[in-house]
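Visitor: I am new to this structure, and I would like a close look at one part of it, the place where two helices cross. Could you take me through it slowly?

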Amino acid sequence: MSSQVFLASSIIVVLVIAIPILFLATGKLGPKNKKQKEKNISYESGVTKSIGNSNNPFSVKFYLVALLFVLFDVEIIFMFPWAVDVRELGWFGIVEMFTFMALLLAGLIYVYKAKALTWQ
Amino acid sequence: MNIILIIVIVVNIIIALLFSLGAAPILVWVERRVAGFIQDRLGPNRCNIAGFRLGGLIQSFADMLKLVFKEDFRAGAIKEKFVFSIAPVIVFASAFLSYMVMPFADDLVIGSQTFVMQGLPINLGVLWFLAFAGLSIYGIILGGWASNNKYSLLGSIRAGAQVISYEASMTLALISLLITYGSINLVDIVNFQGKLLFGFIPAWGVVMQPLAAIIFIVTAFAEANRTPFDIAEGESEIVGGYHTEYSAMKFGLFFVGEYVAMSASSALIVTLFFGGYNLPWLGTATLKEHFSAIMWIIVVALPLLSFLFGRWIVKNNVWPKTDDIRNKETKWLLRMMVLMNMVIIAILAYFLYSGIGVTGTNIAVAVIQVATFAIKLLLMNFVFVWVRWTLPRFRYDQLQNLGWKVLLPLSIANIFLTALVVVGFGV
């Protein structure tokens with residue numbers, strides 16, 4: 001079993017490195033770069049002058065979504081081992097996990113009430 | 001370290017490669033032909049090699065060649081050159097790696113050794129898939145950010161927000177499944193689904209957990225950035241989204257990565273909800289027990305199906321003019337089909353005559369299960385394509401509402417329900 005894993009994973013690592021390198025190396029087969037002023041600016045619907053910087057700040061909504069995701073993902077990490085062993089843990093596990101989930105559900109309800117997920 | 005072990009590992013990785021990377025041109029073809037069918041037109045059917053069109057499949061290879069010989073251009077406005085080049089590699093590699101844990105067949109017994117039929121035979125299964133499916137978003141965000149293009153940046157931010165919104169519901173739907181199966185090992189999960197419910201219904205995930213199935217399939221669409229969740233690309237709004245600035249095989253890597261990710265999602269859906277490599281009502285033990293009967297069925301059914309398929313080809317691919325290339329292709333396809341039939345029937349007849357042995361039966365059952373998995377995978381991929389050409393794109397706020405206000409509470413409720421039923425009734 002373990003030697004199978006070792007051999008398989010080494011072949012897969014080689015493949016995962018080799019295939020993208022092969023793909024990227026084919027870029028050399030195409031025609032040469034012709035330097036043109038218009039070609040070198042970023043493509044924004046054919047406007048011949050790129051206006052402003054593209055590393056602008058963006059809507060805080062996305063930041064809130066990311067924060068909520070981190071919260072829920074941490075919850076989910078705790079739930080994986082419980083989910084697999086739920087039969088052995090029985091009612092004790094149910095009560096513990098449901099308490100934990102109820103706390104996070106209260107947080108979710110607060111987020112709904114605070115309209116953090118409503119797009120304005 | 002013996003020779004059989006190495007052969008089995010190499011065969012497993014080749015199957016995984018065929019189902020992921022090799023499936024990409026076929027999926028592109030399926031996508032275009034189904035799009036043509038749904039929009040009442042033909043789709044690509046002109047491209048050919050010496051008259052062989054294979055129903056338009058050659059077009060995919062022509063497109064790949066075209067991408068290879070395009071100019072690999074990077075605009076002067078792009079400053080982060082390394083990040084720009086590495087982003088498509090991350091997308092491709094994560095999709096490819098997430099494919100590696102899919103089981104293609106039940107454990108293969110050769111002599112005294114048992115082999116796990118996965119590309120990478122580890123028992124992490126679901127966790128491995130989640131880890132690498134989540135990693136692909138790094139490629140998209142880095143690519144969009146490094147492009148120094150406002151459309152790309154918008155596309156990648158949308159993709160990031162979308163993927164993280166739906167990943168929460170996806171993993172929560174998975175947890176209710178794990179409660180049912182009691183394992184994260186995909187082989188165990190598939191073997192669980194080989195059982196029968198009440199003695200006559202196959203205990204597939206879609207029967208045991210219908211709500212989780214719906215949630216998981218919807219979120220899998222979002223994870224793979226497929227329509228109706230393709231706001232990250234949104235070609236009618238933000239040009240091409242995160243891959244606006246990419247060309248040649250750098251774009252090709254994004255493109256292939258998208259199809260590999262779609263294929264990986266389909267494989268996981270098939271494995272979790274549609275019985276994986278199991279044929280309904282025919283478990284591995286049943287197949288091994290009645291294998292000679294199955295060989296007889298194949299010997300009878302294969303020529304019959306080939307005949308029907310050949311008639312369908314003749315009806316649709318023959319032109320009245322005798323020198324048309326279509327007639328030549330039809331003639332050669334029919335010849336190859338007859339030859340293939342003869343070879344397969346000869347092999348089966350030899351085994352029926354001389355007996356196939358225990359090892360032979362095990363290998364043949366594995367082949368049947370790989371074929372079953374491939375057919376299920378193709379059907380699930382067809383569903384992905386079907387949905388893409390049926391539903392329009394969501395607006396961003398609709399997407400956010402669906403993810404956080406519908407799917408998330410539903411999946412949490414499903415966990416409560418499943419846990420109470422499992423512990424309460426002791427099933």
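Guide: What follows looks at one helix crossing and then at the domains of the chain that holds it. This is a predicted model, in which local features need pLDDT of at least 70 and side-chain atom pairs count only at pLDDT 80 or more, while totals for chains, interfaces and linings use all residues. Residues are numbered from 1 along each chain as its sequence is written, and chains are lettered from A and ligands numbered from 1 in the order in which they are written.

In chain B, the axes of helix α2 (residues 23-38) and helix α10 (residues 248-273) come within 9 Å and cross at roughly 90°; helices are DSSP runs of H or I with at least four residues, numbered from the N terminus, and axes are lines fitted to C-alpha atoms over the stretch in contact, with angles from 0 to 180 degrees between N-to-C directions. That crossing makes α2(B) roughly perpendicular to α10(B), a term for angles of 65 to 115 degrees. On the α2(B) side, B:Ala23, B:Ala24, B:Leu27 and B:Val28 meet B:Val256, B:Tyr259, B:Val260, B:Met262 and B:Ser263 of α10(B), where contact requires C-beta atoms, placed from the backbone, to lie within 7 Å. By class, this contact has eight nonpolar residues, one polar and no charged, with Ala, Val, Leu, Ile, Met, Phe, Trp, Tyr, Cys and Pro counted as nonpolar, Asp, Glu, Lys and Arg as charged, and the others, Gly among them, as polar.

Turning to the whole chain, chain B is divided into domain 1 (3-281 + 356-425) and domain 2 (297-354), with bounds from an automatic or database domain assignment. The centres of these two domains of chain B, taken over C-alpha atoms, are separated by 32 Å, and six residues of domain 1 are in contact with four residues of domain 2.

How values were computed
Contact = placed C-beta atoms within 7 Å. Helix = DSSP H or I, 4+ residues; strand = E, 2+ residues; numbered from the N terminus. Parallel < 35°, antiparallel > 145°, perpendicular 65-115°, else oblique.
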